[in-house]
Amino acid sequence: EAHEPGPNSPVTLEARVNANLAKILRETPLNPGMTMKREGDGFRVKAEVRENQALYRWILGHGRAIEILRPTSLLKSIVETVRYAADHYA
């Protein structure tokens, strides 16, 4: 989605997801090379994606179902967005 605002640079996303999101990702992978391994009561996902607003919306839309592990720059952006929103709803 080259038209999406944001850095739009390719990054390797690593995240923990719950079983429900894992099911969705099995049916609709982030890319053909995506990997998913069971980890505790969830799954660890790794995929090459583009860092842009569409990715941020997708992550934020899944709320507690996903925890970003890498890249750190993406994690920091998500944390900043969530903190900003939390401050406004506190």
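Q: Does Arg 83 count as buried or exposed, and at what relative accessibility?

A: In this predicted model, Arg 83 has 57% relative accessibility and therefore counts as exposed, the cut-off being over 50%. Arg 83 belongs to helix H3.

Q: What distance separates the C-alpha atoms of Arg 83 and Trp 58?

A: The separation is 17 Å between the C-alpha atoms, for two residues that lie 25 residues apart along the chain.

Q: Where is Asn 31 placed, and is Asn 31 buried or exposed?

A: Asn 31 sits in the loop that runs between helix H1 (19–27) and strand E2 (35–39). Its relative accessibility is 16%, so Asn 31 counts as buried, a class that requires under 20%.

Q: Which residues does Asn 31 touch, leaving aside those up to four places away in sequence?

A: The contacts are with Ala 47 and Glu 48. For Glu 48, the backbone oxygen lies 2.6 Å from a polar atom of the Asn 31 side chain.

Q: How should the largest nonpolar core be read, and which members touch the most others?

A: As a general idea, nonpolar side chains in soluble globular proteins tend to be buried together. Here the largest nonpolar core holds 20 residues, and Val 17, Ile 59, Ile 66, Ile 68 and Leu 74 touch the most other members. Two or more residues come from each of strand E1 (9–17), H1, strand E3 (42–51), helix H2 (53–61), strand E4 (66–70) and helix H3 (72–89).

Q: Which residues does Ile 66 touch, again excluding those up to four places away in sequence?

A: Ile 66 is in contact with Ala 15, Arg 16, Val 17, Leu 21, Trp 58 and Ile 59.

Technical notes: Residues are numbered from 1 along each chain as its sequence is written. This is a predicted model: local features need pLDDT of at least 70, side-chain atom pairs count only at pLDDT 80 or more; totals for chains, interfaces and linings use all residues. Side-chain values use heavy atoms; hydrogens and water are left out. Helices (H or I, at least four residues) and strands (E, at least two) are DSSP runs, numbered from the N terminus. Buried means under 20% relative accessible area, exposed over 50%, partly exposed in between (1.4 Å probe, protein chains only). A polar contact is a pair of N or O atoms within 3.5 Å; within protein, one must be able to donate a hydrogen and the other to accept it, and residues adjacent in sequence count only if both atoms are side-chain atoms. Contact means heavy atoms within 4.5 Å. A nonpolar core is a set of buried Ala, Val, Leu, Ile, Met, Phe, Trp, Tyr and Cys residues joined through side-chain atoms within 4.5 Å.
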